[in-house]
Amino acid sequence: MQRMLVGVDGSAAAHNALVWSADVAHRGRFDLVVARVFEPTQAELSPEIDTKLHAEQRVELEGWCENVDAGGSITPLLLDGGPPEALLAAAVECDADLIVVGGGAVKLGHLDASSVSDQLVHTSTLPLAVVPTTGAAPPGNIVLAVDGSPESLAAADFVADLAARLAVGVTAVFAFEPFVELVPETDPNSWRHEAERGVRRWVAPVEQAGVAVDLDIERDVHPVAAIRRTLDAHPDSVACLGARRLSDVTGLRLGRIPLHLLDRKTEVVILVPRQAEE
């Protein structure tokens, strides 16, 4: 990772997303791009008024950037167009490795913040972090959901870099529903030993990056419940999981596990799409 882009609009929720992003950028030595979508006051503006409003909103944006310490490069970026498309296009254009938005009542341009974050959750082709409306503490741990799918392997690759840069540990969560077990769990061929071997393969990039990985393997439990329990046990954690592919019909993200986690609104959730969608 080299660069993050955070969407802001001056609201309290957006400020919390900016503060979190600046802290992560500082600790991880990332460049930070702070993007605001230009908000016109009416449908049509004369060239003079349009220029004046652009200048005013850029000054305001620069002021927001001056009030946070990202530890290095921080670039204000005023965008035209409709969010979330403008944010995603800008992130692609500036080679951002992570987009950050606030959840809840943030507003980016002329759309409600919930609409912007919801749409990015469903359509982003880049890793996306959603910060709770109330803000979030600096990440002290990353809870990584794994299941061996291409999406979870992409998330493991992303977490390997992020955790190493932030110098935090990782807890890998795997929810497993084994068939009828004919041997005790202590047997090397038991479901638990098989699951542990699988998880170790899936998180190999994280361990190869020098990051300590704890395993949390749950039996006969829904993945959402398993992830939530792990997050509750590590209150300083960020949740990270792979995002399923986009539907060819609707263009929206398939899978509901991320939505259940985002509904908690208590920790930062990072969604990582598989590389084929980039």
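**Salt bridges and the largest pocket**

Arginine 3 is partly exposed in this predicted model, its relative accessible area being 23%. The side chain of arginine 3 forms a salt bridge with that of aspartate 31, at a distance of 3.5 Å from N to O. Distant parts of the chain are linked by this pair, since arginine 3 belongs to strand 1 (residues 3–7) and aspartate 31 to strand 2 (residues 31–37), with their positions 28 residues apart in the numbering. Aspartate 31 also counts as partly exposed, at 28% relative accessibility.

The count of salt bridges comes to 13. Among them, arginine 200 and glutamate 207 meet through their side chains at 2.4 Å, N to O; arginine 200 is partly exposed at 36% relative accessibility, and glutamate 207 is likewise partly exposed, with a relative accessible area of 33%. A further salt bridge joins the side chains of arginine 219 and aspartate 220 at 3.2 Å, N to O, where arginine 219 is partly exposed with a relative accessible area of 32%. In addition, a network of salt bridges links Asp232, Arg264 and Glu267.

The largest pocket holds about 340 Å³ of space. Its lining consists of 19 residues, of which Ala145, Asp147, Pro223, Leu241 and Ile257 lie nearest the centre of the pocket. Two or more lining residues come from each of helix 5 (150–166), strand 9 (169–176), helix 8 (223–233), strand 11 (237–243) and helix 9 (257–262). When the lining of the largest pocket is sorted by class, eleven residues are nonpolar, four are polar and four are charged.

How values were computed
Residues numbered from 1 in each chain as written. Predicted model: local features only at pLDDT ≥ 70, side-chain atom pairs only at ≥ 80, totals over all residues. Heavy atoms only, no water. 1 Å grid on protein atoms, 1.4 Å probe; cavity = no way out; pocket = protein on both sides within 12 Å on 5 of 7 lines; lining within 4 Å. Points joined across faces, edges and corners; volume = space filled by probe spheres on them. Helix = DSSP H or I, 4+ residues; strand = E, 2+ residues; numbered from the N terminus. Nonpolar A, V, L, I, M, F, W, Y, C, P; charged D, E, K, R; others polar. Salt bridge = Lys/Arg side-chain N within 4 Å of Asp/Glu carboxyl O. Buried < 20%, exposed > 50% of the residue type's maximum accessible area, 1.4 Å probe, protein only.
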